[in-house]
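Here are a few exercises to work through with the model open beside you. Try each task on your own before reading its solution.

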Amino acid sequence: MVGLGNPGPEHESDRHNAGFWCLDRLLPKLDPSARFNHEAKFFAELATCRLEGKLVHLLKPMTWMNRSGQAVLAVCNFYKILPQEILVIHDELDLLPGVVKIKFGGGSAGHNGLKDISLRLGQPDYWRLRLGIGHPRSLKLAQEVGDFVLHRPALEQFKLIEAAMQALVPPMKEFLVGQRESAIARIHRGINLLKEDA
């Protein structure tokens, strides 16, 4: 599992760090004794735990967002992880706060973290967990997108994102042990705290 974000305390609250937020909430639920440790050879913070006998690696790249693939490739090469065994958790402009979707493969939709991961892996065929943060236009804001993702969400938006991340814990456990269809159905059915017209 790869959570995307930017390193440094000045970015901790940025919308762009939603992937980091999600891993920070998932790890204690997966294994209360596991911790993130800085691994220089992986350009990342890495935590490893076992879930029903399966080894799960949780990765937070400590490169800038547009070089996230460097850490992903390093870990995949070391542990012999295939692209289809990767789940990348990232902020999603096209979904409102509180809405979560999961998909396999596809384009980057302008997300620099996804773009670099696909480039380094040489393919886009990996899982993506899309955490809705909203778009400046959908939220009726005048901010440019680049500025928007590098700022903290409003309190009411963050509460929706937080509730969605907490609700992800049970289906993520299912997904990680191979019960993917039921996990995906559960995510799409139950973790949409703001209902979209579509």
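**Exercise 1. Place A109 and E52 in the fold, and describe their backbone and exposure.**

Step 1: A109 sits in the loop that links strand 6 to helix 3; helices (H or I, at least four residues) and strands (E, at least two) are DSSP runs, numbered from the N terminus. This is a predicted model, in which local features need pLDDT of at least 70 and side-chain atom pairs count only at pLDDT 80 or more, while totals for chains, interfaces and linings use all residues. Residues are numbered from 1 along each chain as its sequence is written, and side-chain values use heavy atoms, with hydrogens and water left out.

Step 2: Look at the backbone. Phi of A109 is near 50 degrees, a positive value in a residue other than glycine. Most residues other than glycine have a negative phi.

Step 3: Check the surface. A109 is exposed, at a relative accessible area of 68% (buried means under 20%, exposed over 50%, partly exposed in between, with a 1.4 Å probe and protein chains only).

Step 4: Turn to E52, in the loop between strand 3 (44-51) and strand 4 (54-61). Its phi is also positive, near 50 degrees, and E52 is exposed with a relative accessible area of 67%.

**Exercise 2. Find out which strands pair with strand 5, and whether its residues are buried or exposed.**

Step 1: Strand 1 and strand 5 run parallel, joined by 2 bridges (two strands pair if DSSP finds at least two bridges between them). Here G3 has I89 as its bridge partner.

Step 2: Strand 7 (residues 127-132) is parallel to strand 5 as well, with 6 bridges between them. In this pairing E92 stands opposite G132.

Step 3: Of the 6 residues of strand 5 (residues 87-92), 6 are buried, so the strand is largely enclosed by the rest of the structure.

**Exercise 3. Work out which side of helix 5 is buried, and what covers it.**

Step 1: Helix 5 (residues 155-167) has 13 residues and reaches 18 Å from first to last C-alpha, close to the 18 Å expected at 1.5 Å a residue (that is, 1.5 Å times one less than its number of residues).

Step 2: Its buried residues are Q157, I161, E162, A164 and M165. They cover an arc of only 165 degrees around the axis, so they lie on the same side of helix 5; the arc is that of the directions from the helix axis to the C-beta atoms.

Step 3: On the other side, L155, E156 and K159 are exposed. The cover over the buried residues includes helix 1 (18-30), strand 6 (100-104), strand 7 and helix 6 (169-176).

**Exercise 4. Which residues have the most contacts inside the largest nonpolar core?**

Step 1: This core has 36 residues, and M1, L58, L87, I89, L129 and M172 have the most contacts inside it. A nonpolar core is a set of buried Ala, Val, Leu, Ile, Met, Phe, Trp, Tyr and Cys residues joined through side-chain atoms within 4.5 Å.

Step 2: Helix 1 gives the most to this core, with 7 residues. Another core lies apart from it, with 18 residues, among them L4, L59, V88 and I117.

**Exercise 5. Judge the confidence of the model.**

Step 1: The average pLDDT (the predictor's confidence in each residue, from 0 to 100) is 93, and 95% of the residues score at least 70.

Step 2: Over residues 193-198, pLDDT stays under 50.

Key: Contact = heavy atoms within 4.5 Å.
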